[in-house]
Each structure stands twice: as C-alpha cells, then as structure tokens.
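Visitor: Could you walk me through this one, and tell me what each label rests on?
Guide: Sure, here it is.

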Amino acid sequence: ATEIPVPGNVIGDTLVEDSNELANIALDSINLLELSESPLLVVLSSSFFNIHTFQSSDLKQISKSDQKVQSKSPYLPANTLIDFLRMSDPNISNSFIRTIYSKKDFIAGWTNTLEMINLPIIGLVPAAPHIFDCITDKLIEEVTALIDIEGNTTTLLIGTKLAKLNSYKLPFGSSIYISEKMEESSKDYFERVLNSTKIIMKDNNEKLPSEIYVMGPGLDKLTN
C-alpha cells in the first residue's frame with residue numbers, strides 16, 4: 001500500500017443534519033489542534049454516491065439534461081447533483097465519461113458547513129473512486145474490483161484504468177456480521193460479498209479478477 005500525503009484535515013463522512021452544530025464542532029477541533037491555517041479535505045462515504053460510465057458517443061450532450069445521464073440517477077431530477085470526468089482523450093469519439101451522482105441537499109449540507117468554517121478547501125470527495133484510480137495506476141488487469149465496506153451497506157466498484165467504472169450498492173454491511181464468533185462471522189460476510197460480486201460480473205460478461213481489493217470502516221470490524 002502507498003500512503004498519499006495530503007496537506008489538510010479530514011472532518012467527516014456522514015449526513016449533515018445541523019450545519020451550525022457541525023461547523024462549531026469542527027472549529028473547536030481545528031482550534032484545539034492548532035490547524036487554523038490548514039485547508040480542509042472532506043472524505044465522504046461511498047454509499048452517498050453512484051457512479052456510472054458512459055461513452056461520449058452515446059450521449060447527445062455531456063450535461064445533466066441528457067436523457068441517458070438522467071436515466072442512471074437513483075435520485076429525483078430536482079435533487080440530483082452530477083459531476084462529470086472525461087477519462088480519455090476528448091478528441092476520441094468513444095472516450096469515456098465518468099459520471100458521479102449524489103443528492104443535491106446532501107452535498108449542500110456539507111458546503112454550507114464549509115462556508116461557516118471558512119477555511120481553504122482542498123475538496124469534497126468520495127474516497128473509493130480515488131482509491132480505485134490509485135490501484136489501477138499501479139496494477140493493470142483486464143478488470144479491477146474494489147469493495148468498500150460500511151456498517152449498513154457495501155459499495156462494489158468494478159472497472160478498468162482510465163476507462164469504465166461503475167458502482168453497485170449491496171444491501172448489507174459489517175454490522176449484521178458482528179458477533180462473538182468473529183472468525184466465522186467474517187467468513188460469512190466475505191463469502192456473501194464474493195458471491196454478489198460474481199453474480200454482478202457474470203451479468204456484465206466480465207471475468208472475476210485474480211485479486212479483489214477491500215477498504216472501508218467496516219473492514220476493521222470484520223478483521224483483527
């Protein structure tokens with residue numbers, strides 16, 4: 001594993017219910033740690049995002065209003081925030097467009113909080129796609145799979161370097177597998193998530209890679 005240093009602070013990964021309260025908590029922590037000059041990096045849970053990749057030739061326009069782009073959003077159109085990232089040469093007709101969907105009011109909760117904190121901002125990002133890109137930058141396989149484990153959900157990312165990347169939500173996380181017999185429970189979780197991965201990849205006519213990568217807060221609770 002390679003550690004990538006970032007000159008900032010990670011302040012949270014959850015839904016903001018009260019921006020004022022969260023801003024005050026963050027400011028107290030920042031002042032206590034004497035980090036008032038440091039920019040902020042907010043790393044958000046993968047479960048708050050959906051990722052789909054299009055070929056640019058399949059889209060009439062690279063915008064939220066495109067019908068194909070809208071069709072892949074799990075949220076209502078008025079409450080959808082979409083970010084686009086071109087993954088290859090813009091002059092190539094079949095270049096890939098990575099599209100990330102999130103709820104507009106969810107992102108607004110965080111941006112409102114950051115405005116109150118009023119410090120320089122590095123960014124507000126989901127962790128998993130960046131980790132995926134770091135992996136595929138080092139290791140080249142026909143297909144790469146990354147599992148991001150959270151308490152109540154699991155996000156599966158399947159794709160290739162600088163090309164296709166799609167995310168899939170699995171309706172289970174680490175919490176239902178926490179027990180006194182952790183070795184057995186952990187095995188049950190990983191068998192279930194592997195079976196789900198095999199089914200999804202089979203439906204997509206994709207071959208299971210030789211290695212599957214795992215990350216997330218739920219991983220610590222399933223392993224020693």
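Visitor: Let's begin with the strands. How many bridges join β3 to β5, and which way do they run?
Guide: Six bridges join β3 to β5, and the two strands run antiparallel. One of the matches is asparagine 50, whose bridge partner in β5 is tyrosine 101. Keep in mind that this is a predicted model.

Visitor: What makes β3 and β5 a pair of strands?
Guide: Two strands pair if DSSP finds at least two bridges between them. Between β3 and β5 there are six, so the cut-off of at least two is met.

Visitor: And which strand does β4 go with?
Guide: β4 is joined to β5 (residues 96–103) by seven bridges, again antiparallel. Threonine 80, for instance, stands opposite lysine 103 in β5.

Visitor: What order do the strands of the sheet have?
Guide: The order is β3-β5-β4, in an open sheet of three strands with antiparallel pairing.

Visitor: Why are β3 and β4 called edge strands?
Guide: Each of them, β3 and β4 (80–86), pairs on one side only. On average, neighbouring strands of this sheet are turned by 25° against each other, direction ignored.

Visitor: What lies across β4 and β5?
Guide: That's α3, running at about 80° to β5.

Visitor: Is β3 mostly covered or mostly open?
Guide: Mostly covered, with five of its six residues buried.

Visitor: How do you know that threonine 99 is buried?
Guide: Buried means under 20% relative accessible area. Threonine 99 has 0%, so it counts as buried. This residue sits in strand β5. Leaving out residues up to four places away in sequence, threonine 99 touches Asn50, Ile51, His52, Phe54, Val69, Ile82, Asp83 and Phe84.

Visitor: Why is asparagine 118 called exposed?
Guide: Exposed takes over 50%, and asparagine 118 has a relative accessible area of 63%, so the label fits. You'll find asparagine 118 in the loop between α3 and β6 (121–126). Its C-alpha atom is separated by 15 Å from that of glutamate 21, 97 residues apart along the chain.

Visitor: What makes isoleucine 25 partly exposed?
Guide: Partly exposed is what's left between under 20% and over 50%. Isoleucine 25 comes in at 46%, so it lands in that middle class. It belongs to helix α1.

Visitor: On to the rings. How many aromatic pairs does a search of the whole structure find?
Guide: Five. One of them is phenylalanine 49 with phenylalanine 106.

Visitor: Why is the pair of phenylalanine 49 and phenylalanine 106 called edge-to-face?
Guide: Ring centres have to lie within 6.5 Å to pair, and planes over 60 degrees apart count as edge-to-face. Here the centres are 6.4 Å apart and the planes are at 80°, so both conditions hold. The pair links distant parts of the chain, 57 residues apart: phenylalanine 49 is in the loop between β2 (40–44) and β3 (50–55), while phenylalanine 106 is in helix α3 (residues 104–117). Phenylalanine 49 is buried at 8% relative accessible area, and phenylalanine 106 is buried at 3%.

Visitor: What makes tyrosine 177 and tyrosine 189 an edge-to-face pair?
Guide: The cut-offs are within 6.5 Å and over 60 degrees. These two tyrosines have 5.5 Å centre to centre and 80° between the planes, so they qualify. Tyrosine 177 is in the loop between β9 (165–170) and α5 (182–203), and tyrosine 189 is in helix α5, twelve residues apart. Both tyrosines belong to one aromatic cluster with Phe172 and Phe190.

Visitor: What lies over the face of phenylalanine 172?
Guide: Arginine 192, at 3.9 Å from the ring centre.

Visitor: Last topic, the core. Which residues of the largest nonpolar core touch the most other members?
Guide: Leu44, Ile117, Leu146 and Leu157, out of 25 residues. Two or more residues each come from α1 (19–32), β2, α3, α4 (127–138) and β10 (212–215). α3 gives the most, with five residues.

Visitor: Which residues does a second, separate core include?
Guide: Val143, Ala145, Ile149 and Leu156 are among its 14 residues.

Note on methods:
Residues numbered from 1 in each chain as written. Predicted model: local features only at pLDDT ≥ 70, side-chain atom pairs only at ≥ 80, totals over all residues. Heavy atoms only, no water. Phe/Tyr/Trp six-rings, centres within 6.5 Å; stacked < 30°, edge-to-face > 60°. Helix = DSSP H or I, 4+ residues; strand = E, 2+ residues; numbered from the N terminus. Buried < 20%, exposed > 50% of the residue type's maximum accessible area, 1.4 Å probe, protein only. Lys NZ or Arg CZ within 6 Å of the ring centre and 35° of its normal. Axes fitted to C-alpha atoms, helices over the stretch in contact; angles between N-to-C directions. Contact = heavy atoms within 4.5 Å. Core = buried A, V, L, I, M, F, W, Y, C linked by side-chain atoms within 4.5 Å.
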